[in-house]
Amino acid sequence: MLDKESQLVGKAFLYVMVCLSPVVICIIIFLFAIEWGQPEFNGSFSLGNNIYMIEWDGGGRVIVQGSNLHGNTCYGGSQLIPTYENQYDSLGHFAEYVVDAKADNGWIIAKTGNKLNCQKRYYIIDKQHDIENLDAKEIIERYTTIFTDSCEFAKRCQINGIKIKW
């Protein structure tokens with residue numbers, strides 16, 4: 001009797017392993033392919049020059065200089081927008097987050113919102129320099145312009161010849 005029960009358990013185990021192994025293998029292949037072919041599926045949007053807009057855990061979107069890359073997907077990096085100081089409120093909760101960002105070969109434009117005061121900020125990052133070899137602090141200080149007025153932002157976009165539209 002014990003022998004038949006062990007054979008039955010062994011056959012059930014073998015059946016489960018044979019059926020589940022292809023499913024697990026397919027899931028692994030799918031996840032690997034997604035990292036290379038569809039990084040947006042994982043919340044990673046390339047803006048060029050190693051700058052990415054990513055979905056931040058619990059805080060909305062942020063723009064980073066990528067450092068944690070797998071395939072074409074960025075999972076983390078040095079924060080550019082919003083700046084670290086503006087992202088959190090006094091209690092450590094997420095306050096500012098990226099609403100939208102667009103890019104072309106020379107520029108990145110971004111709009112942020114703030115959960116506390118409903119204030120919007122507008123950012124322009126100049127990518128026409130070799131910013132891939134700079135650290136995030138240098139990019140923020142030298143090549144990022146911040147606006148709180150949408151009219152001033154639009155005027156600067158026009159002056160700089162930025163043709164990116166939301």
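**Exercise 1. Determine how exposed N49 is, where it sits, and what marks its backbone.**

Solution. In this predicted model, N49 has a relative accessible area of 23%. Since buried residues lie under 20% and exposed ones over 50%, N49 is to be classed as partly exposed. As to its place, N49 belongs to the loop that connects β1 (44–48) with β2 (51–56). The backbone of N49 carries a positive phi of about 55°, although the residue is not a glycine.

**Exercise 2. Describe how β8 and β9 are joined, and characterise C118 in the turn.**

Solution. Begin with the pairing: β8 and β9 run antiparallel and are joined by 7 bridges, one of which can be located by noting that G113 has K120 of β9 as its bridge partner. The two strands make a hairpin with 5 residues between them. Next comes the turn itself, where C118 lies in the loop between β8 (107–114) and β9 (120–126) and has a phi near 60°, a positive value in a residue other than glycine. Finally, assign the accessibility of C118: its value is 64%, and because the threshold for an exposed residue is over 50%, C118 counts as exposed.

**Exercise 3. Follow β9 to its pairing with β10, and state how far β9 is covered.**

Solution. β9 pairs with strand β10 (residues 144–147) in the antiparallel sense, over 4 bridges, and within this pairing Y123 has I146 of β10 as its bridge partner. β9 also pairs with β8, again in the antiparallel sense. Regarding cover, 6 of the 7 residues of β9 are buried, so that the strand is mostly covered.

**Exercise 4. Work out the surroundings of Q79 and its relation to the cis peptide bond at P82.**

Solution. First place the two residues: Q79 lies in strand β6, while P82 is in the loop between β6 (77–81) and α2 (84–87). The peptide bond leading from I81 to P82 is cis, with omega near -10°. A polar atom of the Q79 side chain lies 2.7 Å from the backbone oxygen of P82, which is within the 3.5 Å allowed for a polar contact. Turning to cover, Q79 has a relative accessibility of 14% and therefore counts as buried. Beyond its neighbours within four places in sequence, Q79 is in contact with W56, V62, I63, V64, Y84, Q87, A136 and I140.

**Exercise 5. State how many salt bridges the structure holds, and analyse the geometry and exposure of three of them.**

Solution. The structure holds 4 salt bridges. In one of these, E55 is paired with R61, with the closest N and O atoms 2.7 Å apart; E55 is partly exposed at 38% relative accessibility, and R61 is likewise partly exposed, at 24%.

Another salt bridge joins the side chains of E138 and R142, at 3.8 Å from N to O. These residues are 4 places apart in helix α3 (residues 136–143), and are therefore separated by about one helical turn. For E138 the relative accessibility is 29%, which makes it partly exposed.

In helix α4 (residues 150–160), E152 and K155 are 3 residues apart, again about one helical turn, and their side chains meet in a salt bridge of 3.9 Å, N to O. E152 is partly exposed, with 38%, as is K155, with 45%. The two helical pairs can be read against a general rule. An α-helix has 3.6 residues a turn, so residues three or four places apart point the same way.

**Exercise 6. Identify what is found at the start of α4 and what follows the helix.**

Solution. At the start of α4, a side-chain oxygen of D149 comes to within 3.1 Å of the backbone nitrogen of C151. After the helix comes G161, which has a positive phi, near 75°.

**Exercise 7. Name the residues of the nonpolar surface patch that includes Y15, and give its accessible area.**

Solution. The patch is formed by Y15, V16, L20, V24 and I28, which together have about 500 Å² of accessible area. Y15 itself is in helix α1 (residues 2–37), and with a relative accessible area of 59% it is exposed.

Definitions and conventions: Residues numbered from 1 in each chain as written. Predicted model: local features only at pLDDT ≥ 70, side-chain atom pairs only at ≥ 80, totals over all residues. Heavy atoms only, no water. Patch = residues over 30% accessible without salt bridge, like charges linked within 9 Å, V, L, I, M, F, W, Y side chains within 5 Å. Areas by Shrake-Rupley, 256 points an atom, 1.4 Å probe, with all protein chains shown as cover. Buried < 20%, exposed > 50% of the residue type's maximum accessible area, 1.4 Å probe, protein only. Polar contact = N/O pair within 3.5 Å; in protein donor to acceptor, adjacent residues only side chain to side chain. Contact = heavy atoms within 4.5 Å. Pairing = 2+ DSSP bridges.
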